[in-house]
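Me: I would like a close look at a single part of this model, with the neighbouring contacts worked through in a connected way. Please take your time over it.

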Amino acid sequence: MKNCLFCKIIKKEIPSEIIYEDDKIISFKDIRPKAKIHFLIVPKEHIESVSDLEEKNKDLAGELILTAKKIAEKHNLTGYKLIFNVGRRGGQLIDHIHLHLVSRDIEELP
Ligand code: AMP
Ligand code: ZN
């Protein structure tokens, strides 16, 4: 998608701190982290939102979650949140589906 920020990141037209990449998914650090760990897990296919997911996308939707799990394990995270913001009123600002992985640093936990 021509004017999509995340498509530009996927095509490496805009720099990002990539932490994971395969043929279908890319993950990079959120530029304005809400916690010590804040990654975005993004399919390379341009799908706007969870509300645009179709039956044919179900493998990809599952892979986003499994990729988040793999990334969390790689970073030794024992607890984290996975968040999809859906639509403007759901807090979604970028119209390319993405899963937020957010975690406090383990040492900071009570
Ligand atoms: P959302 O509000 O769910 O659409 O989330 C969009 C996220 O993308 C926000 O947390 C932003 O901080 C993040 N973001 C915006 N621009 C960039 C960028 N160039 N690189 C990395 N993350 C970004
Ligand atoms: Zn896009």
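Is E21 buried, partly exposed or exposed?

Reply: This is a predicted model, and every value below should be read with that in mind. At 36% relative accessibility, E21 counts as partly exposed, because the class runs between the limits of 20% for buried and 50% for exposed.

E21 belongs to strand β1, which covers residues 18-21, and the side chain of E21 forms a salt bridge with K44, whose closest N atom and the closest O atom of the pair are 2.8 Å apart. K44 sits in the loop between β3 (37-43) and α2, so this salt bridge ties together parts of the chain that are 23 residues apart in sequence. K44, at 25% relative accessibility, is likewise counted as partly exposed. As a general point, side chains of opposite charge can pair when their charged atoms come close.

A second salt bridge also concerns a distant part of the chain: the side chains of E63 and K24 meet with 3.1 Å from N to O. Here E63 is in helix α2 while K24 is in the loop between β1 and β2 (25-29), and the two are 39 residues apart. Both partners are partly exposed, E63 with a relative accessibility of 25% and K24 with a relative accessible area of 37%.

Returning to E21, salt bridges that share partners join K12, E21 and K44 into one network. K12 lies in the loop between α1 and β1 and is partly exposed, with a relative accessible area of 47%. The backbone of K12 deserves a second look, since K12 has a positive phi of about 65° although it is not a glycine. Most residues other than glycine have a negative phi. N76 is another residue of this kind, with a positive phi of about 55° although it is not a glycine; N76 lies in the loop between α2 and β4 and, at 57% relative accessibility, counts as exposed.

Beside K12 in the sequence, the side chains of K11 and E13 meet in a salt bridge of 3.8 Å, N to O, and K11 is partly exposed, with a relative accessible area of 47%. By the rule used here, the count of salt bridges comes to nine, among them the pairs of E21 with K44, of E63 with K24 and of E13 with K11.

Aromatic side chains supply a further link, for which the count comes to one pair. That pair is F6 with F28, and it is edge-to-face, with 5.3 Å from centre to centre and 80° between the planes. F6 lies in helix α1 (residues 5-10) and F28 in strand β2, so the pair ties together parts that are 22 residues apart in sequence. Both F6 and F28 are buried, whereas E21 and K44 are partly exposed.

The ligand offers another set of contacts to set beside these. Ligand 1 is surrounded by 17 residues, the closest being D30, N85, G91, L93 and H98. An oxygen atom of ligand 1 is 2.8 Å from an N or O atom in the side chain of H100, an oxygen atom of ligand 1 is 2.9 Å from a polar backbone atom of I94, and a polar side-chain atom of K34 lies 3.4 Å from an oxygen atom of ligand 1. Taken alone, ligand 1 exposes 510 Å², and the protein buries 90% of that. H100 is in strand β5 (residues 99-103) and counts as buried at 11% relative accessibility, while the side chain of H100 also makes a polar contact of 2.8 Å with the side chain of H38.

Finally, the surface carries a nonpolar patch formed by I65, Y80, L82, F84 and V86, which together have about 380 Å² of accessible area. Within this patch, Y80 is placed in the loop between α2 (58-74) and β4 (81-83), and Y80 is partly exposed, with a relative accessible area of 32%.

Definitions and conventions:
Residues are numbered from 1 along each chain as its sequence is written. Chains are lettered from A and ligands numbered from 1 in the order in which they are written. This is a predicted model: local features need pLDDT of at least 70, side-chain atom pairs count only at pLDDT 80 or more; totals for chains, interfaces and linings use all residues. Side-chain values use heavy atoms; hydrogens and water are left out. Patches are made of residues with over 30% relative accessible area and no salt bridge: like charges are joined within 9 Å, nonpolar side chains (Val, Leu, Ile, Met, Phe, Trp, Tyr) within 5 Å. Accessible areas come from the Shrake-Rupley method with a 1.4 Å probe; for residues, only the protein chains shown count as cover. A salt bridge is a side-chain nitrogen of Lys or Arg within 4 Å of a carboxyl oxygen of Asp or Glu. Helices (H or I, at least four residues) and strands (E, at least two) are DSSP runs, numbered from the N terminus. Buried means under 20% relative accessible area, exposed over 50%, partly exposed in between (1.4 Å probe, protein chains only). Rings of Phe, Tyr and Trp (its six-membered ring) pair if their centres lie within 6.5 Å; planes under 30 degrees apart count as stacked, over 60 as edge-to-face and the rest as tilted. A residue is near a molecule or strand if one of its heavy atoms lies within 4 Å of it. A polar contact is a pair of N or O atoms within 3.5 Å; within protein, one must be able to donate a hydrogen and the other to accept it, and residues adjacent in sequence count only if both atoms are side-chain atoms.
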